[in-house]
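Biologist: I've got a model open and I'd like to learn how to read it. Could you walk me through a few features?

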Amino acid sequence: MLTSFLDSEVIGEALAIMEELSEYWSSKARNAASSALASVLNVLDSDDKEFQQRAIRIMHNLSFNGEVCRHFLSLKCIPKLLPFFKDMSLLRYCISILKNLCDTDEGRNSVAETKGCISSVTQILETGSDEEQEHALAVLVSLCSQRVDYCKLVMDRDIILPLAYISKNGNDKGIAAAMELLRLLRDVDYVKNEDCLEPNLNTPQDYNNHPPHEKKNLKEPHL
């Protein structure tokens, strides 16, 4: 019934009620709510920022249910979600949704195959909060622990410097996740192109105490 109002002049009120309910729905109710997901996703195409924010928070609350995540993936939600990674007020919800989607093979495949997705995730390692970095690292570890091809896609994003920084200066969860990702990448046979040397995955000392945004002032490590 509520979704029937998402195409009406009371869309704001309907979204507000749905957001409130989405925090408390039982598993059974969440499964029943799957039929409403297409309507919620369509709200992301609107020009109203408040409506978009409510829709993403609803998606976030529902994404902790595996059945709902499968419906999200069937609706190709990731390309619609990516533009909102640029909104710092929504980033923590977006990356959390992505982390939950990566609990399945289908979700990991969708993340890897969606243009710009891995790039958006790796960018968080340089610009995100500790919580956002933890979720981003969880996504990348989930990918890289499954397939070597995913490791190579991640390494294309030049993430060694931010990983080295987080492994030295992050919080406990961030340090553990960054070290795990470095371990997964260390043994990958990877060359970005014929003119590039293989990245140094040994957390060079010169990088440890410099935040990633200072990397332009640092020399690349020698092998």
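**Reading a buried helix**

Modeller: Sure, and keep in mind that this is a predicted model. Let's start with H7, whose buried residues are Leu91, Tyr93, Cys94, Ile95, Ser96, Ile97, Leu98, Asn100 and Leu101.

Biologist: How many residues of helix H7 are buried, out of how many?

Modeller: Buried means under 20% relative accessible area. Helix H7 runs over residues 91-101, and 9 of its 11 residues meet that mark, which leaves the helix mostly covered.

Biologist: What covers the buried residues of H7?

Modeller: The cover includes helices on both sides of H7 in the sequence: H4 (49-62), H5 (66-74) and H6 (77-81), then H8 (105-113), H9 (117-127) and H10.

Biologist: Let me zoom out. How many helices and strands are there in the chain?

Modeller: The chain has 13 helices and 0 strands. Of its 223 residues, 47% count as buried. For contacts with a separation of 6 or more, 66% join residues 24 or more positions apart. On the outside, the chain exposes about 11,800 Å², with 48% of that supplied by carbon and sulfur atoms.

Biologist: Now the packing. What do I look at when two helices pack?

Modeller: Two packed helices are described by the angle between their axes and by the distance between those axes. Take H10 (residues 130-144) and H11 (residues 148-155): they pack at an angle of about 140 degrees, and their axes are 7 Å apart.

Biologist: Why are H10 and H11 called oblique to each other?

Modeller: Roughly antiparallel needs an angle over 145 degrees. The angle here is about 140 degrees, so H10 and H11 count as oblique. On the H10 side the contact is made by Leu140, Leu143 and Cys144, and on the H11 side by Tyr150, Cys151 and Val154.

Biologist: Last one, the surface. Which residues make the nonpolar surface patch?

Modeller: Met1, Phe5 and Val10 make it, and the patch is about 310 Å². Phenylalanine 5 lies in the segment before helix H1 (11-22).

Biologist: Why does phenylalanine 5 count as partly exposed?

Modeller: Partly exposed is the range between the 20% and 50% cut-offs. Phenylalanine 5 has 34% relative accessibility, so that is where it falls.

Biologist: What does phenylalanine 5 touch, leaving out residues up to four places away in sequence?

Modeller: Phenylalanine 5 touches Val10, Ile11 and Ala14. As for leucine 15, it is 10 residues from phenylalanine 5 in sequence, and their C-alpha atoms are 8.8 Å apart.

Definitions and conventions
Residues are numbered from 1 along each chain as its sequence is written. This is a predicted model: local features need pLDDT of at least 70, side-chain atom pairs count only at pLDDT 80 or more; totals for chains, interfaces and linings use all residues. Side-chain values use heavy atoms; hydrogens and water are left out. Patches are made of residues with over 30% relative accessible area and no salt bridge: like charges are joined within 9 Å, nonpolar side chains (Val, Leu, Ile, Met, Phe, Trp, Tyr) within 5 Å. Accessible areas come from the Shrake-Rupley method with a 1.4 Å probe; for residues, only the protein chains shown count as cover. A salt bridge is a side-chain nitrogen of Lys or Arg within 4 Å of a carboxyl oxygen of Asp or Glu. Helices (H or I, at least four residues) and strands (E, at least two) are DSSP runs, numbered from the N terminus. Buried means under 20% relative accessible area, exposed over 50%, partly exposed in between (1.4 Å probe, protein chains only). Contact means heavy atoms within 4.5 Å. Axes are lines fitted to C-alpha atoms, for helices over the stretch in contact, and angles run from 0 to 180 degrees between N-to-C directions. Angles under 35 degrees count as roughly parallel, over 145 as roughly antiparallel, 65 to 115 as roughly perpendicular and the rest as oblique.
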